[in-house]
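The following paragraphs offer a guided reading of a protein model. The reader is invited to keep the sequence and the coordinates in view throughout.

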Amino acid sequence: MPFDLLNEEKPETALLIAVDTGEYDADVSMQELCELAKTAGAQVTAQMIQKRDTVEGATYVGKGRLSEIKEFCVNNETDVIIADGELSPVQVRNIENATDTRVIDRTTLILDIFAGRARSKEGKLQVELAQLKYALPRLTGKGTSLSRLGGGIGTRGPGETKLETDRRHIRRRIQYIKKELDDVERRRDMQHIRRKKNGVQVAAIVGYTNAGKSTLMNRLTDAGVLQEDKLFATLDPTARKLYLPSGQQIMIVDTVGFISRLPHQLIDAFRSTLEEATHADVILNVCDASSEECYNHIKTTNDILASLFTGGIVDVPVINVFNKCDIAQDKRDTACSRGDSQCVKISAKTGMGIDELMLAVEKALPKTRKRVNLLLPFDKGNIASKIRNDGVIHSEEYVPQGLFLDCTAEISFLDTIKDYIV
């Protein structure tokens, strides 16, 4: 782990399998798994979906379907079997023994893609943490080659020494990575405090993977972020200045993409990155308007966002941005009539609707601060001190009447000193 599918020169051939228990749309999920496999560099040769009331505890699929999978692998030289679910170590071992083919699951595949996409030190640490958390409970010994033979003369020995050593190493590594990420999170919190003090408002771009977030970021700011028609093309957050139509300057942040049934290990590992949205003043929920699953993607994003906010309530203004409307034809003509509080239809590729989006962002931003000129009497130095601590002083000058300030401060505070506003 990782399986390095991304680094293979010759594409690995993959068979996709799934069990449809009715919990979710298996066909849509299988299409998504196919895109994930292609993103990882695999060549999908076939897909198999079995309808069952429950997943088979020992082999994921039933015995009959397992025989079909074995026959397919023998006849088609399959390199890897990818299951559209989270497999237990027992299920992986039993399927591999039955088919003589390597087996991975959806979570392992996503972790592998993330491992290949991470570029920054923080991103690499976050991916490694998620991989280690996933691997730890799945470590197994060598079966009967170690002390699992049983008790009695001739069977006693060192036991699972290597296994326990691996576990201890992984736990130590997890503790180290968590400490490193805690330091990163503290630095990020300091950035948030500094931005708030300086009156910098933030817009966060969130949304389903491959919805066009990076393309939108580049359209708005010329950020030069990698944009590809692949899932999870970019993982590391990017922050850039954005000038709104009124001339106001804000910060816009691009975040990692979401996906249905995103492994909780990734949500935990990337929590500090994802929480950029919780510190934003407005959230842009970008979705692919050309996808039939557009509204489900919006719901998935909203659910993940709710898990990040205290109390599960997103208390930040959200603008639903329907992207790729240039190729959506008439599919999203009624997009804004489904009860969404605010939405904009755009094409980040062509620039359609960008002006409307900028106006919507400007309108949604809370008006909490204001830039004013103050003329403070010499005996009101405490007011200047408070503004220095909680606001921003752009310039100051002593004049015969007192201290003249060009500053930005909280509107609520300015209301208490309105007599000194010039």
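Against which strands and which helix do the buried residues of α7 pack? The model in which this is examined is a predicted one. Helix α7 spans residues 213-221 and is mostly covered, with seven of its nine residues buried. These are Lys213, Ser214, Leu216, Met217, Asn218, Leu220 and Thr221. Their packing partners are the strands β5 (202-207), β6 (238-243), β7 (249-254) and β8 (282-288), together with helix α11 (354-364). Directly after α7 comes Asp222, with a positive phi of about 55°.

The wider setting may be given next. The protein has 422 residues, of which 49% are buried, and its secondary structure comprises 13 helices and 13 strands. Among contacts with a separation of 6 or more, 69% are between residues 24 or more positions apart.

Helix α2 can be read in the same manner. The helix covers residues 63-76, 14 in number, and extends 20 Å from its first C-alpha to its last, close to the 20 Å expected at 1.5 Å a residue. Its buried residues include Arg65, Leu66, Ile69, Phe72 and Cys73. Because these residues cover an arc of only 120° around the axis, they sit on the same side of α2. The other side of the helix carries the exposed residues Lys63, Glu71, Val74 and Asn75. The buried residues of α2 pack against three strands, β1 (13-20), β2 (43-51) and β3 (80-83), and against helix α3 (89-99). Just beyond the end of α2, Glu77 adopts a positive phi of about 50°.

The path now leads to α3. In this helix, Gln91, Val92, Ile95 and Thr99 are buried. Viewed down the axis of α3, the buried residues lie within an arc of 100°, and they therefore line one face of the helix. What they pack against is α2, β3 and β4. The packing of α2 and α3 thus appears from both sides, since the buried residues of α2 have α3 among their partners and those of α3 have α2 among theirs.

Thr99 shows this arrangement at the level of a single residue. Thr99 belongs to helix α3. Why does Thr99 count as buried? Its relative accessibility is 5%, and the cut-off for a buried residue is under 20%. When neighbours within four places in sequence are set aside, Thr99 contacts Leu66, Ile69, Lys70, Cys73 and Ile81. Of these partners, Leu66, Ile69 and Cys73 are among the buried residues of α2.

Asp100 follows α3. The residue is placed in the loop between α3 and β4 (102-105). Its phi is near 55°, a positive value in a residue other than glycine. Asp100 is exposed, because its relative accessible area is 73% and exposed residues are those over 50%.

A further residue with positive phi is found elsewhere in the chain. Lys324 lies in the loop between β9 (318-323) and β10 (343-345), and its phi is near 65°, again a positive value in a residue other than glycine. Is Lys324 buried or exposed? With a relative accessible area of 19%, Lys324 is buried, whereas Asp100, at 73%, is exposed.

Another helix pair merits attention. Helix α1 (residues 26-39) packs with helix α4 (residues 106-117) at an angle of about 35°, their axes being 10 Å apart. The crossing of α1 past α4 is left-handed. On the side of α1, the contact is formed by Ser29, Glu32, Leu33, Leu36, Ala37 and Thr39, and on the side of α4 by Arg106, Leu109, Ile110, Ile113 and Arg117. By character, the residues of this contact divide into six nonpolar, two polar and three charged.

The last stop is Gly381, in helix α12 (residues 381-390). How exposed is Gly381, and what is its relative accessibility? Gly381 counts as partly exposed, at 38% relative accessibility, a value that falls between the cut-offs of under 20% for buried and over 50% for exposed. Gly381 and Leu403 are separated by 22 residues in sequence, and their C-alpha atoms are 8.5 Å apart in space.

How values were computed: Residues are numbered from 1 along each chain as its sequence is written. This is a predicted model: local features need pLDDT of at least 70, side-chain atom pairs count only at pLDDT 80 or more; totals for chains, interfaces and linings use all residues. Side-chain values use heavy atoms; hydrogens and water are left out. Axes are lines fitted to C-alpha atoms, for helices over the stretch in contact, and angles run from 0 to 180 degrees between N-to-C directions. Helices (H or I, at least four residues) and strands (E, at least two) are DSSP runs, numbered from the N terminus. A crossing is left-handed if the near helix is turned anticlockwise from the far one by less than a right angle, and right-handed if clockwise. Contact means heavy atoms within 4.5 Å. Ala, Val, Leu, Ile, Met, Phe, Trp, Tyr, Cys and Pro count as nonpolar, Asp, Glu, Lys and Arg as charged, and the others, Gly among them, as polar. The expected span of a helix is 1.5 Å times one less than its number of residues. Buried means under 20% relative accessible area, exposed over 50%, partly exposed in between (1.4 Å probe, protein chains only). The arc is that of the directions from the helix axis to the C-beta atoms.
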